[in-house]
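Me: Could you walk me through this model, one kind of feature at a time? I would like the general idea first and then the case at hand.

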Amino acid sequence: MARDKGDLLQGTLTLLILKALVGQDLHGYSIARWIEDVTKQALAIEEGSLYPALRRLEDRGLVTSKWTLSDTGRRVRVYALSRTGRAELSTEATAWMQLSRAVTLVLRAEPSLV
Amino acid sequence: MSERWRRYLRFWGPDVDGDIDDELSYHVERLTEFFVSRGLSPEDARQAAAKAFGDVKDVRTRLHAHDRRKLSRSRRQHMLQDLAQDLRYALRRLRAEPRFSAFVILVLALGIGANTAIFSAIDTAFLKPLPFASADRLVSIAGLELPLDLATRPKSFATMDDFTADSTVFAEVAAYASGGLNLTAGGAEPERVKIAYVTSRFFATLGKQAAVGRTPAPDEYAKGGPPTVVISHGVWQREFGGRNVVNRTLELNGKGYRIVGVMPADFGFPGRTEVWIPLALPFGLDIMSAFRNFVPSVFISRLAPAATVAQAAQHADVIRKRYRTIKPGDDPVSRLVRPLQATLVGDRQTSLIVLGASAALLLLIACANVMNLLLSRAAARRRELAIRVVLGATRLRITRQLVVESLLLAATGAAIAVVAARFAVRILSATLPPNLADVSPPGVDGRVLAFTMLVALATSLVFGVAPAFGASRTDLGEAMKSAGAGGGGTRRRAAGARGGGALVVAEVSLAVMLLVGAGLMLESLDALLRTDSGFRPERVVTGRLVFSETRYPNPAAKAVFFTRVLERLRATPGISSAAAVSALPMEGVGNIGLRVAPADAPEDTTRMGLGLYLMATPGYFATMGVPLRGQDLPALSDTAHRVAVINQSLAHALWPDREAVGRQLLLGEERRTVIGVVGDIRTRRLDETPDGQLYLPMSEQPQAYASIVAKGSGQPPAMLAALREAVHATDPMEPLYSMATMNDVIETTVAPRRTNTMLLALFGSLAVVLAAVGVFAVLSYGVEQRRREIGVRVALGAQRGDVSRLVVRQGVALAGVGALIGLIAAFVLSRFVTSMLYAVSPRDPLVFAGAAALLAVVALLATFGPAMRATGVDPLTTLREE
């Protein structure tokens, strides 16, 4: 289990949650699983921290939530991406990729480490 | 917590805790299952899940705080939205009936405005602390006297040292004496200023510092210390233009004083003092030029933190008993030490309370009136409300809607009231004792505004809630069914009429009470104004002057001055006579009583009298129109004869059965011949019985203080100008002040009572008008409700007279019951106003009968409109309406 690879940056967690909700409405547990699966367990998050992050996103109007019944008949709270959330995701993602490319370029510069 | 219980909770709103638990526990459970599916034992899986999730408790706390905040925010928002909606709706409704709304708002503005204005006066008098630090610790002490330098008489009064000896009761003790001096600054003409001699702890007792410079230092209060003064902000601005004045010199009555400080702009205690002069104790006679005859010393103290006023009074009593035995006429212990504020309020307490109670009664009447109007309108609104209920409005919502309407009415009324009160307060200042109004002037401040808001709120609850509840209990079916038929069911109609009737009875009875109060006060004022003052104030003008001791050091110089001024005056066209006197009647000064005995029986205690001692020039009695039997006082140049003129009261006391003129009286050791007897003059106030008066020739000892009176055929302004000119031409450096007609002087003493009376009369008239409106409204409503019954009666042959009699009888019955209750209540309560009355019994039958009669007439007038409308009922139309 590679679950403690250090803290995630605050903005990163936001980005991950928004990305997880693209095209699907999920409850908190599924968001955690989705992130774990997609990152091949390379990124580990403390799953409890999802919830305060979700509340913040909801306050900013980036996600919406509603209570529904799960397949097993449990009350679950399901989160969905809002229109503004989608816009936010694309801006943030672009910024992130630019930063990431820039950092990659720096790291590949001679003498290269990679 | 069971699911069902939670669902129940959610019915009342979001269940924050339950939701968080649901969400988090679901996650942890799924995580545990996930680990089990990976092959962990249930126990290990639980541990792994807990680890992967992190601190559950921490997350829960954070979510909880967040969700709670959010929930209350949204609730507030909802409430505001609803309120805004209610307000918009209420505004629309009020605009839809502009006349009704305007009338209700006016009635409320009157009621609330009267209370706001009176409250500002009451607040100043009783509630608001004086503008001093810890003002509740400040007291006044009675029965003390300032030590005189050359006092040879037995010491029978305690001194301040006795009080400061024990600092556990009186932390600070100080004295002040208010007077007036002529101020000269930079060669200009002198100006009369209010001064106060103050003892060394005066500023410390009040806890006040100078705004510029400092208050006097201890050595400046010492005998022979450097003469210094502290000036008011006003003098600083007026005389020195606000420039640096510390260490400059101020001249008072020709003597130079060094200015050491300027007090803050809001400080003028006592009264409106402009210059404070340190007083060295024991004081010498040199300070007397600021006063008339005696030093009006007042003693104040700051109590020690633990001491109560009652303890302080006990302590003062102990001190007092060291000096003399207490006789029956002395101050009771409770009056020895009193809160400073109470001392300043003095005898105006009762009148303020009565005014406050009257204003409250007026507001009650206004409330009853508005309630009546709303109730009668509620019937008309029943259908509208029923529709709203059908459309899903809850009872709570409708009640709230109606309460918001009431609040809006009251708030609009209150807003108008506050604006009006700002003006009214100026008039009201006259009801406050001047020495309090000067220290802490009444005004519409935050406290008054808060009071107004409270009153408006309470008012709207009183008049609004009952109709609101009544309306919200609307029976749907009945309302919808009967809406077309122009009225509610019979049962409700009876209940509504009873409620309206009870309100009218209450209104009328309250109005009668106010009328009786106003009537008693009016009778008193009338009696007072008809009181014979003993002199003829018409066409008499007066001005006061004070000699500076340095410029007029001896009696001869003063006599010359008076002679010249009076000669100039008598030579002026339009002035027939002029004279000088040491103290004018009605000015409240010169109340020094001298013991006088008849020379033929000096030991006869039954024939002794107290004579108020006055000095006058010849012609004084003629100028003032006081009848004189015998001779007038001798001329100013004549100082040879020991004579006196006495008034009738004193003459009667000394020689009950013989002619006083020509007899001799004893003034202490001195023998004087009575050359004349004059009529009694009310010396202090119109409502005080005259004392013995003893007039001595001004020539013997011309006073530093004197008033000049002149009578003539000219107009008052011209005569006043002549008066000023005569003094100015004689000596331009002697200012004449307090110039007024004698009628104005009397009016000043009557003014507080006049204001009180006018206010009560105003309240009474408003109450009558409101009561009449109440009668009108209830009868009109009754006629409207009984159209069908009236129609049937007319159809069965009732005449117009029968129908109108029906209405009038109901109105007269309501007014009659109300008036009876009001008269009984007034009879019981009137003894509380006894102290405010003059020459009128608190149960004066004429006033009671007058109040009842006035109300009866007004109520009868109020029945005409509805009666006319009732006779106009057409049986055909009404019956067809059914």
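**Reading the features**

Reply: Happy to, and let us start with a strand pair: strand β5 (residues 228–231) of chain B and β7(B) run parallel and are joined by 4 bridges. Keep in mind throughout that this is a predicted model.

Me: What holds such strands together in general?

Reply: Strands of a sheet pair through backbone hydrogen bonds, either parallel or antiparallel. In the pair above, Val229(B) has Ile259(B) as its bridge partner in β7(B).

Me: Which strand joins β7(B) in the antiparallel sense over 4 bridges?

Reply: That is strand β6 (residues 249–252) of chain B. Within this pair, Leu252(B) has Lys255(B) of β7(B) as its bridge partner. β6(B) and β7(B) make a hairpin with 2 residues between them, and Asn253(B) in the turn has a positive phi of about 50 degrees. There is also strand β4 (residues 212–213) of chain B, which is antiparallel to strand β7 (residues 255–262) of chain B and linked to it by 2 bridges. There, Val212(B) stands opposite Val262(B) in β7(B).

Me: You mentioned a positive phi. How should I read backbone angles?

Reply: Most residues other than glycine have a negative phi, and most peptide bonds are trans. Exceptions are therefore worth a look. Ser134(B) is not a glycine, yet its phi is positive, at about 40 degrees. You will find Ser134(B) in the loop between α5 (98–127) and β1 (138–141) of chain B. Another case is Ala839(B), whose phi is positive, near 60 degrees. Ala839(B) sits in the loop between α23 (800–829) and α24 (845–871) of chain B.

Me: Is Ser134(B) buried or exposed, and why?

Reply: Ser134(B) counts as exposed because it has 11 C-beta neighbours inside 10 Å, and a residue with 12 or fewer is called exposed. Ala839(B) has 12 such neighbours inside 10 Å, so it counts as exposed too.

Me: Which peptide bond is cis?

Reply: Look at the bond from Phe269(B) to Pro270(B): it is cis, with omega near -10 degrees. Pro270(B) belongs to the loop between β7 and β8 (275–278) of chain B.

Me: Now for the interior. How do I read a nonpolar core?

Reply: Think of it as buried nonpolar residues linked to one another by proximity of their C-beta atoms. The largest one here has 106 residues, and the members touching the most others are Val508(B), Ala511(B), Val512(B), Ala767(B), Val775(B) and Leu855(B). Helix α11 (residues 349–390) of chain B gives this core its largest share, 19 residues.

Me: Where does this core lie with respect to the domains, and why?

Reply: It lies between domain 2 (97–133 + 348–487) and domain 4 (489–532 + 746–882) of chain B, because both give residues to it. For a close-up, take Ala767(B): leaving out residues up to four places away in sequence, it touches Leu362(B), Ile365(B), Leu510(B), Ala511(B), Leu514(B) and Leu515(B). Apart from this core lies another, with 64 residues, including Ala616(B), Tyr620(B), Leu654(B) and Ala710(B).

Me: And chain A, how would you approach its fold?

Reply: Begin with the elements: chain A has 4 helices and 3 strands, following the pattern α-β-α-α-β-β-α along the sequence. Next comes the sheet, an open one in which the 3 strands are ordered β1-β3-β2 with antiparallel pairing. Its edge strands are β1 (26–27) and β2 (63–69) of chain A, each pairing on one side only. β1(A) and β3(A) are joined by 2 bridges, and His27(A) has Val78(A) in β3(A) as its bridge partner. α3(A) packs on the sheet, where it touches β2 and β3 of chain A, and its direction makes about 115 degrees with that of β2(A). As for burial, 25% of the 114 residues in chain A are buried.

Me: How many residues does each chain bring to the contact between A and B?

Reply: Chain A brings 14 residues and chain B brings 15 residues. On the side of chain A that touches chain B, the elements giving two or more residues are α2 (28–38), α3 (50–59) and β3 (75–81) of chain A. The residues on that side of chain A comprise 4 nonpolar, 3 polar and 7 charged.

Methods. Residues are numbered from 1 along each chain as its sequence is written. Chains are lettered from A and ligands numbered from 1 in the order in which they are written. This is a predicted model: local features need pLDDT of at least 70, side-chain atom pairs count only at pLDDT 80 or more; totals for chains, interfaces and linings use all residues. A nonpolar core is a set of buried Ala, Val, Leu, Ile, Met, Phe, Trp, Tyr and Cys residues joined through C-beta atoms within 7 Å. A residue is buried if 20 or more other C-beta atoms lie within 10 Å of its own, exposed if 12 or fewer, and partly exposed in between; C-beta atoms are placed from the backbone. Domain bounds come from an automatic or database domain assignment. Two residues are in contact if their C-beta atoms, placed from the backbone, lie within 7 Å. Ala, Val, Leu, Ile, Met, Phe, Trp, Tyr, Cys and Pro count as nonpolar, Asp, Glu, Lys and Arg as charged, and the others, Gly among them, as polar. Two strands pair if DSSP finds at least two bridges between them. Axes are lines fitted to C-alpha atoms, for helices over the stretch in contact, and angles run from 0 to 180 degrees between N-to-C directions.
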